[in-house]
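Work through the following exercises with the coordinates loaded. Each task is followed by a solution in steps.

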Amino acid sequence: MSWGTELWDQFDNLEKHTQWGIDILEKYIKFVKERTEIELSYAKQLRNLSKKYQPKKNSKEEEEYRYTACKAFLSTLNEMNDYAGQHEVVSENLTSQILAGLARYVQELKQERKSHFHDGRKAQQHIETCWKQLESSKRRFERDCKEADRAQQYFEKMDADINVTKADVEKARQQAQVRHQMAEDSKADYSSILQKFNHEQREYYHTHIPHIFQKIQEMEERRIVRLGESMKTYAEVDRQVIPIIGKCLDGIVKAAECIDEKTDSQLVIEAYKSGFEPPGDIEFEDYTQPMKRTVSENSLSNSRGEGKAEPKFGGKPKGKLWPFIKKNKLSLKLGAAPEDFSNLPPEQRRKKLQQKVDELNREIQKEMDQREAITKMKDVYLKNPQMGDPASLDHKLTEVIQNIDKLRLEAQKFEAWLAEVEGRLPARGEQRRQSGLYDAQPAPAVNNCAQARESPDGSYTEEQSQESEVKVLATDFDDEFDDEEPLPAIGTCKALYTFDGQNEGTISVVEGETLYVIEEDKGDGWTRIRRNEDEEGYVPTSYVEVYLDKNAKGAKTYI
């Protein structure tokens, strides 16, 4: 079975078939490439899914993973992450073991095919050239034969005509001989070319074409074998990861088998057990005596009776004014801020001034480093004049020194403002009074609140844990001061600007409105005012003009 003998006349069809074979190979390469992309995409999605459901650090979710079911779920997520890694391995192996090799092989195959069919076309062109020579020689022989016949007939005609001179007859005879000789020469040439063509034709159909077609057949068979080997490799790549994938699945099963419902139930008991004993039976109600109820010392009824004496932290405030709980920021645009940040509350102002001082100190250090570098360079120039002119650095050095002096003056100015603010602010460990609620509390608790206190515009930004302490204290104080009498008015104030008090504990005022002052600004930038018995709250001190009573600290104060 050979294409050279069986398909000797199917050159064009073989050319189409081999091109189709290359197309099939390229189609398979494209298929494997898309499979690798799918594997990578699937692995990425699995990793994202595993990451999405991982417990967040320092969150409530971490506490949930004490339970065996949650631990098993976490193990499942980790195993799925490893499972995704195996799909990445499949993609990498398909790329390295199949795609890279097949891509090179296709290029080599195209070049080999091109070479074989080029040789085939060259052989076709050669046999076609021989055929054209044969046809030309044959036509020339036929033409010369006809010319020789016509010349012989003309000679015989002239020889038979008695009116023709002997010279004309001789001339016709010579012409006929020439024509006969030309015909003989054409015959010999035609015979030679015919023999040559037959030899070339035998070589073409029995040697050249079978040899070329045999090479094409071998090339095509190698392509088929290579495609089959690639398919086997395709299966082996998947088979190689099956054991590891099986281990991942075994890990999930093992984690599921570790789930213990009794352990989880015990954890629930440990998490929520109150330690109280259930209430006892109710005694028979004797109308001659007050009803008695036998309960244990730590019963639920006792806890209900003692709830007010020991309020639990974390409840919601019962209508008390607590203006520094939320961190909603207000956009108070009253023009450009002054250089000394005097428009800000003291704590925020202190922070801004400290930041400015630190920034200036960094700039001073940077300029000093530059001055030192220029000084060293100048010394080098003095010792080695050929390297440069020392005088060329004087201008730059003077400029740097002037910048240092300016920055130092600027830093001194801000340090003075900072010292002024820090002199008016209480120490970090000192008790800080806040809206009258701190007077009845021990100093340690108040200190925490003082550090966590913040204004509605978000000026004070202490730690979140401190803010939660303020919320807890607010709840604790609410129960104690629910029945407290309202604070007396110590003066009046006039609103200079309209203030939309949207935060908890603040109160809205309209420009020109007159209200009562019930608590002065304690250095935090807020004044407590009252509109009527039911409406009171805090407003920025810079928004109002305060008039204190004569018995207060001053007759009139403009903030």
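**Exercise 1.** Locate threonine 492 in the secondary structure, classify its exposure and list its contacts beyond the local sequence.

Solution. The model is a predicted one.
- Step 1: Threonine 492 belongs to strand E1, which spans residues 491-495.
- Step 2: The relative accessibility of threonine 492 is 29%. Buried requires a value under 20% and exposed a value over 50%, so threonine 492 is partly exposed.
- Step 3: Leaving out residues up to four places away in sequence, threonine 492 touches Thr514, Leu515, Tyr516 and Val517, and also Glu545, Val546 and Tyr547.
- Step 4: For one of these partners, tyrosine 516, the C-alpha distance to threonine 492 is 4.3 Å, with the two positions 24 residues apart along the chain.

**Exercise 2.** Determine how helices H4 and H5 are oriented relative to each other, and break down their contact by residue class.

Solution.
- Step 1: H4 covers residues 68-160 and H5 covers residues 166-257.
- Step 2: Their axes come within 7 Å and cross at roughly 175°.
- Step 3: Angles over 145 degrees count as roughly antiparallel, and H4 and H5 therefore fall into that class.
- Step 4: The contact of H4 with H5 comprises 45 nonpolar, 21 polar and 22 charged residues.

**Exercise 3.** Is leucine 46 buried or exposed, and which residues does it touch?

Solution.
- Step 1: Leucine 46 sits in helix H2, residues 11-52.
- Step 2: Its relative accessible area is 7%. With the cut-off for buried at under 20%, leucine 46 is therefore buried.
- Step 3: Not counting residues up to four places away in sequence, leucine 46 has contacts with Met80, Tyr83, Ala84 and His87.
- Step 4: From leucine 46 to methionine 80, the C-alpha to C-alpha distance is 6.8 Å, at a sequence separation of 34 residues.

**Exercise 4.** Find the helix that holds isoleucine 244, and give the exposure of isoleucine 244 and its C-alpha distance to tyrosine 83.

Solution.
- Step 1: Isoleucine 244 is part of helix H5.
- Step 2: A relative accessibility of 38% makes isoleucine 244 partly exposed.
- Step 3: Tyrosine 83 is 161 residues away along the chain, yet the two C-alpha atoms are separated by 8.1 Å.

**Exercise 5.** How many disulfides does the whole structure have, and what is the exposure of cysteine 145 and cysteine 248?

Solution.
- Step 1: A disulfide is a covalent bond between the sulfur atoms of two cysteines.
- Step 2: Searching the whole structure gives zero disulfides.
- Step 3: Cysteine 145, at 25% relative accessibility, is partly exposed.
- Step 4: Cysteine 248, with a relative accessible area of 5%, is buried.

**Exercise 6.** Summarise the protein chain by its elements, burial, contacts and surface.

Solution.
- Step 1: The protein chain contains 11 helices and five strands.
- Step 2: Of its 559 residues, 33% are buried.
- Step 3: Among contacts between residues at least 6 apart in sequence, 70% join residues at least 24 apart.
- Step 4: The exposed area of the protein chain is about 36,200 Å², of which carbon and sulfur atoms supply 51%.

Note on methods
Residues are numbered from 1 along each chain as its sequence is written. This is a predicted model: local features need pLDDT of at least 70, side-chain atom pairs count only at pLDDT 80 or more; totals for chains, interfaces and linings use all residues. Side-chain values use heavy atoms; hydrogens and water are left out. Axes are lines fitted to C-alpha atoms, for helices over the stretch in contact, and angles run from 0 to 180 degrees between N-to-C directions. Helices (H or I, at least four residues) and strands (E, at least two) are DSSP runs, numbered from the N terminus. Angles under 35 degrees count as roughly parallel, over 145 as roughly antiparallel, 65 to 115 as roughly perpendicular and the rest as oblique. Ala, Val, Leu, Ile, Met, Phe, Trp, Tyr, Cys and Pro count as nonpolar, Asp, Glu, Lys and Arg as charged, and the others, Gly among them, as polar. Buried means under 20% relative accessible area, exposed over 50%, partly exposed in between (1.4 Å probe, protein chains only). Contact means heavy atoms within 4.5 Å. Accessible areas come from the Shrake-Rupley method with a 1.4 Å probe; for residues, only the protein chains shown count as cover. A disulfide is a pair of cysteine sulfur atoms within 2.5 Å.
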